Amino acid sequence: MGENRESQELDILFIERCIRAIDSSKGGEVYIVLPEGLLNLPSYLGFREWLLAKCFLTMVVSLPEGAFIPFGKSVSKTTIIGVRKKGKVILNKPEYVFLANAKEIGFEVGKSVYKPIEKNDLPIFLDGAREFFPNIRVTENGGEYSWIEQDFITPYRIDSNYLLNRIDLENLKKKFPKLERMDKVCRFIHTSFTPNRNQVYNYLEIPDVSPTTGVISNIRVLKGHEIGYSFYKAKGGDLAYCRINPRKSRVFIIPEEINEVLISKEAYILELLDNSKIRNKFVLSAILQSDYVKSQLVRLATGSSSSRARVQEADFLNAVFIPIPDEKVQMTIERKMRKMYKQYWDISQSFLKEFVNIQKELLSNININELRTI
């Protein structure tokens with residue numbers, strides 16, 4: 001990985017050196033801690049292709065962010081990965097790969113001083129790694145662990161969250177008879193826009209959207225120099241999904257009364273396909289907020305911390321599966337969601353206008369465009 005290159009990352013050079021040093025005829029295996037980005041970011045696809053050409057995976061255990069802050073101040077999201085070097089004749093292929101996602105590891109993470117605690121998923125994982133079992137098991141701390149067939153491993157992503165998602169998909173199929181991959185349901189309709197500094201725009205920031213229900217209380221009117229440089233342009237009725245920190249439920253629909261609005265590029269604007277089995281955006285909005293879909297999105301997010309983790313476009317479309325309710329259920333969801341969105345927007349706008357008027361009667365210097373939510 002370092003040959004014929006002017007530079008290469010030390011993590012990659014180190015694991016390359018380790019793999020060269022082991023002997024496949026003697027059961028040569030390496031267990032090493034690596035930045036998790038090497039296992040899931042598109043920019044490291046070449047590394048994963050090289051690694052899987054040389055080795056089989058034996059284990060992938062994701063550690064919580066901040067695990068190494070007490071030991072050198074490293075903030076990187078890290079993973080323990082185990083590999084077995086391939087022999088000239090493939091006789092040493094492990095049938096399954098052990099996967100785990102740790103929530104607790106026996107000490108407080110994210111703190112500069114090492115402080116032991118009783119909660120620890122790692123001993124449980126060690127016991128679980130001794131013998132194959134089906135399905136995903138969950139520790140009392142919320143850690144997940146399971147096994148996946150070696151043949152399911154591809155260079156696309158080899159982090160434990162992505163692979164656990166593959167396993168959970170089989171359980172999802174048992175619960176919902178009809179599933180569709182997102183690329184069969186919708187597509188992105190992104191229109192980039194750079195605002196004029198002195199022109200006035202409708203502007204919606206991600207924090208203006210409720211993190212629990214996705215409703216919008218207000219859309220501010222601001223000049224270009226007050227908001228920034230590069231945005232997506234959306235219109236009334238558009239459905240958008242906030243890709244950052246998918247633990248939040250920021251799936252939102254722009255109020256129909258709004259002609260055009262600028263939104264952050266942290267949001268994906270979605271358009272239903274003509275042949276989609278989802279009848280409209282209100283139904284898709286509700287489905288994207290459901291537990292079964294949100295858990296997929298949380299696992300698929302990549303990044304150095306949970307609060308900054310993002311769902312990449314390719315993963316959103318190609319690795320997320322949603323349940324397809326029958327037509328009667330969809331009609332009920334549409335009717336209720338449409339009514340709720342409309343009522344909430346109208347009540348919020350009325351409340352904010354009256355609130356501003358009252359404050360002005362009391363000589364407060366206040367403007368509705370300063371108010372982001374109720």
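## Exercises on pockets, a sheet and a helix pair

The largest pocket encloses about 460 Å³ of space. Keep in mind as you work that this is a predicted model.

**Exercise 1.** Find which residues lie closest to the centre of the largest pocket, and which helix gives the most to its lining.

*Solution.* Start with the lining, which is made up of 24 residues. Those closest to the centre are Asn 101, Lys 103, Asn 161, Arg 247 and Val 298. Next, look at the helices: helix 8 (residues 291-300) gives the most, with three residues. Finally, sort the lining by class: eight residues are nonpolar, nine polar and seven charged.

**Exercise 2.** Describe the second largest pocket and the elements that line it.

*Solution.* Begin with the volume, about 270 Å³. The lining has 15 residues, and nearest the centre you will find Asn 135, Trp 147, Phe 152, Ile 167 and Glu 170. Two elements, strand 8 (144-149) and helix 5 (160-175), each give two or more residues to this lining. Of the elements, helix 5 gives the most, with five residues. By class, the lining holds eight nonpolar, three polar and four charged residues.

**Exercise 3.** Work out which strands stand at the edges of the sheet with the order 10-18-15-16.

*Solution.* First, note that this open sheet has four strands with antiparallel pairing. Strand 10 (186-188) and strand 16 (251-253) each have a single partner strand, so they stand at the edges and one side of each is left without a neighbour in the sheet. On average, neighbouring strands are turned by 35° against each other, direction ignored. Now zoom in on one pair: strand 10 and strand 18 (residues 267-272) run antiparallel and are joined by three bridges. Here Cys 186 stands opposite Leu 272 of strand 18. Last, add helix 7 (residues 281-288), which packs on the sheet and touches strand 10, strand 15 (239-242), strand 16 and strand 18. The direction of helix 7 makes about 160° with that of strand 16.

**Exercise 4.** Decide whether helix 1 is roughly parallel or roughly antiparallel to helix 3.

*Solution.* Take the geometry first: helix 1 (residues 10-21) and helix 3 (residues 45-54) pack at about 10°, and their axes are 12 Å apart. Angles under 35 degrees count as roughly parallel, so helix 1 is roughly parallel to helix 3. Then see who makes the contact: Ile 12, Ile 15, Glu 16 and Ile 19 from helix 1 meet Phe 47, Trp 50, Leu 51 and Lys 54 from helix 3. These contact residues divide into six nonpolar, no polar and two charged.

Key
Residues are numbered from 1 along each chain as its sequence is written. This is a predicted model: local features need pLDDT of at least 70, side-chain atom pairs count only at pLDDT 80 or more; totals for chains, interfaces and linings use all residues. Side-chain values use heavy atoms; hydrogens and water are left out. Axes are lines fitted to C-alpha atoms, for helices over the stretch in contact, and angles run from 0 to 180 degrees between N-to-C directions. Angles under 35 degrees count as roughly parallel, over 145 as roughly antiparallel, 65 to 115 as roughly perpendicular and the rest as oblique. Contact means heavy atoms within 4.5 Å. Ala, Val, Leu, Ile, Met, Phe, Trp, Tyr, Cys and Pro count as nonpolar, Asp, Glu, Lys and Arg as charged, and the others, Gly among them, as polar. Two strands pair if DSSP finds at least two bridges between them. On a 1 Å grid over the protein atoms alone, a cavity is a set of points where a 1.4 Å probe fits but cannot get out, and a pocket is an open set with protein on both sides within 12 Å along at least five of seven lines; lining residues have an atom within 4 Å of a point. Grid points are joined across faces, edges and corners, and a volume is the space filled by probe spheres set on the points.
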